[in-house]
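This briefing is intended for a reader who wishes to examine the model alongside the text. Please keep the sequence and the coordinates at hand while reading.

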Amino acid sequence: MRNALRRFGRTHEARLLLVTVALMIFLSFATKNFFTIQNALDLLTSYAFPGMMAAGLVVVLVAGGLDISFTAVASIAQYLAVLAANHYGIGWLGLFGIALAVGTALGLLNALLVTGLRIASIIVTIAMLNVYYGLLMFVTGGDTINSLPDWFANGLSWVVAFDSHQNPYILNMQMIGLVLAFIMTWLLLNRTSVGRQLRALGGNPEAAKRVGFNVLRLNMVAYGYMGFMAGLASLVQAQVAQTVMPNALVGRELDVLAAVVLGGASLFGGVGTVLGTILGLALLAILQNGLILLGVASFWTECFTGIVFLVAVSTIAWERRRQRLAIRRVIGTAA
Amino acid sequence: MSALGPFNRATARLGPVNRRLILLLVALVIVFGLLLGHRLFNAASLRSMAYQLPELGILSLAMMIPLLSGGLDLSIIATADLSALAMAWILTHMVPAHPGFAWVAWQVAAIVAGLVLAAIVGMLNGLIIAYLEVSPILTTLGMMTLIKGISIGLTHGGVLSGFPAPIVFIGNGDLWGVPIVLLIFVALAIPVGIMLTRSPFGQVLNMLGSNEAATRYSGVDTRRALVKVYILSGVLASVAGVVMMARFNSANAAYGESYLLVTILAAVLGGISPSGGFGKVTGLVFALVILQLISTAFNLLNFSQFLTLAIWGATLILVAGVTRLREHFLR
Amino acid sequence: MPKFLEMTGISKQFGGVRALSDVDLDIAAGEVHCLAGENGSGKSTLIKIISGVQPPEPGGRIMIDGHEVSGLTPAESIRRGIQVIYQDLSLFPNLTVAENIAVERHHGLHAVNWSAIRDTAQAAMQRVGVSIDPQSFVADLSIAQRQLVAICRAIANDARLVIMDEPTASLTRHEVDALLALTLELKRRGVAVVFVSHRLDEVLEIAERVTVLRNGEKKGTFEARDMTDRRLVELMTGKSFNYELSETDLSAAPVVLAVRNLSRAGDYDDISFEVKAGEILGITGRLGSGRTELALSLFGMSPPDHGEIRIKDRPLQLSSNREAIANGIAYVSEDRLSLGLIMEQPISSNIALPVLERLRGPFGLVQAGRWRETVRRWIADLGIKVSDPENPVRTLSGGNQQRVVLAKWLATEPSLLILDSPTVGVDIGAKDGIYQIVRDLAASGLAVIMISDEIPEVLYHADRILIMQEGRIAGEYLPHQVTEAALRQAVDA
């Protein structure tokens, strides 16, 4: 146990946790509203969408790939699902069924292309982002769906308690979706054989083939799971927005990537954890929330995000370089 | 001994990539020619193509150089916007109302200031990538967020507009019927092409893109070269910023954002290897002409610009697929 | 002893090329067997057939445990207890030792049973007497430890035959000894081991039989105790190489490089020596003895902590390899594939890379004529067999690649040439050509340092030999005053 703790202390996640907690403590004292249940609930609700996307993306990164197209996939999934719900009485099951099926199918298409074309996954998925998004905008003419079915617009939210001013604490679909997404990803990566195969593939693709892991099938799991998460997240987002705009999500893909990388996942594959992803996202969310609560004009949020991100990736790179040099020394003097 | 040196590669031999692109271009010209005939191949639509192509073209040059070095620059659009805003601020605040020496001097100063600012941003990218060994994607992603953040912070998302006549002329004027913006693109593409094939730096760039460590062991200061790469990329992006600013007669923190991923698409379509080391300016130019032809033809066919976007993406997938199939069956 | 594996009449053709013709091979249970041959001799094709990756041509028979197997697949081969450990070891650096050893348990779709994985790994490690923390990551292990993990993985898969491809290439003597001890332990448990290598002096100590392949044909299987290095080379190449010991009179030659009390913490300590113009100084020692680190310091890549380097009597403070090159020092890296050459790029660009600045002409551009002339001259001078200098270096054979490395460094007109393991991965026949070039260069007045862990290489091709041990110079020898055996002993002492 102590051994495990010491091991954890040396990880990127531990340092990230330290920074995040320090920031939380600072904000709790510096602002009136940060350390409140209401603020926490608000944060969970508004960061549910990027969080669920991050939960999907970390799986792709662990498997040694990269997906840029998921915002377009989510846009298509939510558009089709809500359109169908408005026209036919398909209910919750139908709504989620359509969104998840569409998302997964497009993810699988990505997997086929990435594996078959043998060019960098970033290039394939950039191209597919344009294909998906272009076709969606072309077919819909860019029209927004303004009215959601009532049962969906107001559904799945429960008042669980009241604060001293009788404001309700609400448990909603966003929170459930977010927690579910992270639990599912954690189970996939750490508790299933396929998750371990994905990690092995990301760590050494050549060896994975030799051991007999099926690369196409694993890519289909990774990109399909990303698509599945995009489908799920798309509905969660649609409910927050209360409209479906075909161009609302595209453009946020790099923000999600930033959160996952901040959480320690490597673009070279094989490295990345659910805890890290949660912390990476939490750090960005708390930073942006804190700036607003501190009264910094919201125009400066992006600038601070950029600084924090640059500092973080520089530290990660520096740390990895140090470790590499240390290992080389150990090997060099092993005699 | 045939074709020695990298020189003949650029001139005598087209290479398989360019052959394939020319084939595709000819096919498109025939198809669109049959569909549209004179509506496509007339002076007006050729002129409109000539006005539109340079923006994406210059930005793609800015993306191409880091790609060749084995990297990527996601901050080009943000750099273009930041430097355009800096130029626009000087143009709208410092330039006197009436022509005279100060009127000219401030306009020149504005453009120089924008270029220098972009060079500094590029240098920061290069220093972080070369000396801290952060991966280019992450460095430039962070830099993109940071400098876009600065642009938004300073302008509150607003627009700076209303420039002196010479600036507007850069964007909308022509010389002997040739748009100035196209002349700017050509004036950049040719020296960049020569630099890549014939200068020591161009050679180093390709070698570095294939294998950084071996290049360093060969006595090349690869870190310095990397810093140069990103400075160049920044400066080229800044020129694209001038073109955008002049064409719209305004500057904003978010102009041209949809171009970012398209520049990567154009470069890869043009045969620039996404893993670095190989690629030519000629290939990029062919790719740009193909993309522009599709865009203009679709516009004339009354298809939405978004269908164009989809077809652009599909073209890359298609070309990659054909290449892959040929590899598969030729073996 | 019962035969575990018997193969008869194995042939294989790729395209129009015969990779194997009518080869027989048998391995007894618990035997240690060496498979020797040069690149292209058919070694790797034979392994692919044993492991089920490639089928043999009709007529070839494979018997495992006395039963004929037809249509052997990789999965079937593994099921029957055949395990190949490739040179790159095929481990997953980002997974734990336990997961790597028990990786077979990750097949299929099911919940991970972590305790079963730990037990499998522990059991495998216990069976062969290895102790590595099962929870540590493979990325944090030394090469030797990684090799042990790979062997444990084979054991965990109930291996009855372990085939190891070039297992000693990157190990120190100490680590090789550990590997040999482990091999004997495997043998005791009835597991057969096949070493595939073209350098067999170490494994010959414990092997029982050696099978030699040349050009896809079997040259025979021999008792290991009757085998000598020289005979093996003859069998593998079909030629015999009789080198004369070098004896050049260098008393009048000027000193090119003088090193005084050079030290760098953790790498080497208190090194002093001289190299004269026209001299070939051999430096040998085990991996980790500091030989490569010393060379990198002389080449300006890692500055020494103390001491002095003088070139032609001028003191040098090198802060980069660019300064070293400018002062006439060239360094041929031991790692040709990743540091010596840029494999995907043209031969011509590789040769011109270190001298690009010198080829500059008007407008700062490279002068096409001078570029062409430089490339042509060095391709001709070193006899590099090239159809088109614009082809990628990758398309050349190992020997020709190494000549391209020499060409690129000679183009810098050095006065000191440092060769680090110059014939690694080069066929024995092609090695001869490289030695000839090096001798000619020395004869023309170049000072040469030749670093190698192959004792005969320094014995027969150097004028003077230094032995390095744990970062220090442990002895200096003249070739005609010492025997190969004595040198080997001094290296391993």
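The points below cover two sheets, a surface patch and several salt bridges. The model is predicted. Two open sheets of chain C are described, one of six strands and one of four. Over all chains, the count of salt bridges comes to 36.

**Six-stranded sheet of chain C**

- The strand order of this open sheet in chain C is 6-7-8-3-9-10, and the pairing is mixed.
- Strand 6 (82–85) and strand 10 (217–223) of chain C each have a single partner strand, so one side of each lacks a neighbour in the sheet.
- On average, neighbouring strands of this sheet are turned by 20° against each other, direction ignored.
- Five bridges join strand 7 (residues 161–165) and strand 8 (residues 192–197) of chain C in the parallel sense; Val162(C) stands opposite Val193(C) in strand 8.
- Helix 5 (residues 143–156) of chain C lies across strand 6 and strand 7, and runs at about 165° to strand 6.

**Four-stranded sheet of chain C**

- In this open sheet of chain C, the order is 2-1-4-5 and the pairing is antiparallel.
- Strand 2 (17–28) and strand 5 (67–69) of chain C are the edge strands, each pairing on one side only.
- From one strand to the next, the twist averages 25°.
- Strand 4 (residues 61–64) and strand 5 of chain C pair in the antiparallel sense over three bridges, with Val69(C) in strand 5 as the bridge partner of Ile62(C).
- Helix 1 (residues 43–50) of chain C lies across strand 1 (3–14), strand 2 and strand 4, running at about 120° to strand 1.

**Nonpolar surface patch of chain B**

- A nonpolar surface patch with about 720 Å² of accessible area together includes Val104(B), Val108(B), Ile120(B) and Tyr131(B).
- Val108(B) is placed in helix 5 (residues 101–131) of chain B and, at 48% relative accessibility, counts as partly exposed.

**Salt bridges**

- Asp221(B) and Arg322(C) meet in a salt bridge at 3.3 Å, N to O, and this pair crosses between chains.
- Asp221(B) is partly exposed at 24% relative accessible area, and Arg322(C) is partly exposed at 33%.
- In the salt bridge of Glu279(C) with Arg464(C), the closest N and O atoms are 2.7 Å apart; the two residues lie 185 residues apart in the chain.
- Glu279(C) is buried at 4% relative accessibility, and Arg464(C) is buried at 13%.
- A network of salt bridges links Lys3(C), Asp26(C), Glu31(C) and Arg209(C).

Notes
Residues are numbered from 1 along each chain as its sequence is written. Chains are lettered from A and ligands numbered from 1 in the order in which they are written. This is a predicted model: local features need pLDDT of at least 70, side-chain atom pairs count only at pLDDT 80 or more; totals for chains, interfaces and linings use all residues. Side-chain values use heavy atoms; hydrogens and water are left out. Patches are made of residues with over 30% relative accessible area and no salt bridge: like charges are joined within 9 Å, nonpolar side chains (Val, Leu, Ile, Met, Phe, Trp, Tyr) within 5 Å. Accessible areas come from the Shrake-Rupley method with a 1.4 Å probe; for residues, only the protein chains shown count as cover. A salt bridge is a side-chain nitrogen of Lys or Arg within 4 Å of a carboxyl oxygen of Asp or Glu. Buried means under 20% relative accessible area, exposed over 50%, partly exposed in between (1.4 Å probe, protein chains only). Two strands pair if DSSP finds at least two bridges between them. Axes are lines fitted to C-alpha atoms, for helices over the stretch in contact, and angles run from 0 to 180 degrees between N-to-C directions. Contact means heavy atoms within 4.5 Å.
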